[in-house]
Amino acid sequence: MKRSEAVAEAAITLLAERGMRGLTHRAVDEAAGLPPGSTSNVARTRAALLELTLSRLTDLEERLFSGAMGDGPPPGADLTELLAGVLTAQLRDRRRTLARYELALEATRRPELREIYDRAGRRFRDPAVALLAAAGSRDPVRHGRQLVAFAEGVMFDVIAGAGAEPSPDDLRAGVRDLLRGMLADEGDGRSDAGRSRRRG
C-alpha cells in the first residue's frame, strides 16, 4: 500500500471512530503507525487531507460498484439481485460509510470540498442512469437519481438512523418494489424488469 493510501485509510478510520474533530495530522500519523510528520508530507493542509480521504473513499466504493456491474449487468442478469448485493456490501462496511457521512456534512461548510464531493457523486449517478436506461426506464435521469437516493436512505437509516439492519430478503424486496415502479409498462402499471433486458 502506498503511503498516501495508508494515510487515507487511517483518516477514514478516524472519521468513523472520532468524527471530524478527531481527524488531525498527528492522529493520522499515530493511527497509521507512521513517523511524525508523514501525513503532512502527503497532505500538507487539512483541506488536502480531506480531499485525499474523499478520493480514497470514492475509489473504494467505485471498485465495489464496478466489481458487481462492470460495464453493465451481464445478459440475463437479475438486476434486483445485483443492486441488492451492492447495497448489502455497502452496509457491511460501516467504517467507510460513516466516514463518508462525516465528509458529506463537512462539504456543506467547505465549498472546495463540496465541488469534489459532487464530482465524486457523479461517478455513481451517471452509471445508475445508464443502467436504468438499458433496463428500459422511460426517464433514466430521474430514476437514476431516485435509485441513488433510495440506496443512500437505506444506508443512513441503518448506520446513522434508528432503523434495524434489513435482511437480504428485505433489501431484495425493497429494490424490487423500486424497480417495479420505474420499469412498469406505460399504461398498464405492470412491471417486467427483465423484459427490457431480454429485448436488448
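Ala184 sits in the loop that links H9 to helix H10 (195-199). In this predicted model, Ala184 has a relative accessibility of 11% and so counts as buried, the cut-off being 20%. Along the chain, Ala184 and Arg138 are 46 residues apart, yet their C-alpha atoms are separated by just 9.3 Å.

Stepping back to the whole chain, the fold is built from ten helices, with zero strands. Reading along the sequence gives the pattern α-α-α-α-α-α-α-α-α-α. The chain has 200 residues, and 41% of them count as buried. As for contacts with a separation of 6 or more, 64% come from residues 24 or more positions apart.

Just ahead of the loop that holds Ala184 comes helix H9, which covers residues 168-183. With 16 residues, H9 reaches 22 Å from its first C-alpha to its last, close to the 22 Å expected at 1.5 Å a residue. Which residues of H9 are buried? They are Leu171, Val175, Leu179, Met182 and Leu183. Looking down the axis of H9, these buried residues fall within an arc of 80°, so they line one face of the helix. The spacing fits the usual helix arithmetic: an α-helix has 3.6 residues a turn, so residues three or four places apart point the same way. On the face of H9 turned away from the buried side, the exposed residues are Asp169 and Gly181. As for partners, the buried residues of H9 pack against H5, helix H7 (111-135) and H8.

Two of those partners, H5 and H8, also pack against each other. Helix H5 spans residues 79-92 and helix H8 spans residues 140-159; their axes are 10 Å apart and meet at an angle of about 35°. The crossing is right-handed. On the H5 side, the contact is made by Leu83, Leu87, Gln90 and Leu91. H8 brings in Leu147, Phe150, Ala151, Val154, Met155, Val158 and Ile159. Sorted by class, the contact between H5 and H8 comes out as ten nonpolar residues, one polar residue and no charged residues.

H8 also carries a charged residue, Asp157. Is Asp157 buried or partly exposed? At a relative accessible area of 38%, Asp157 is partly exposed. Leaving out residues up to four places away in sequence, Asp157 touches Ala162 and Gly163.

At the other end of the chain, helix H1 (residues 3-18) holds Glu9, and Ala11 is in H1 as well. Glu9 has a relative accessible area of 16% and is buried, a call that rests on the cut-off of under 20%. Not counting residues up to four places away in sequence, Glu9 touches Met1, Arg56, Leu60 and Arg95. Two of these contacts, Arg56 and Arg95, pair a charged residue with a charged residue.

Ala11 is buried too, with a relative accessibility of 0%. What does Ala11 contact, leaving aside its neighbours within four places in sequence? The list is Leu23, Val28, Leu49 and Thr53. Of these, Val28 is 17 residues from Ala11 in sequence, and the two are 5.8 Å apart in space, C-alpha to C-alpha.

Key:
Residues numbered from 1 in each chain as written. Predicted model: local features only at pLDDT ≥ 70, side-chain atom pairs only at ≥ 80, totals over all residues. Heavy atoms only, no water. Axes fitted to C-alpha atoms, helices over the stretch in contact; angles between N-to-C directions. Helix = DSSP H or I, 4+ residues; strand = E, 2+ residues; numbered from the N terminus. Left-handed = near helix turned anticlockwise from the far one by under 90°. Contact = heavy atoms within 4.5 Å. Expected span 1.5 Å × (residues − 1). Buried < 20%, exposed > 50% of the residue type's maximum accessible area, 1.4 Å probe, protein only. Arc of directions from axis to C-beta.
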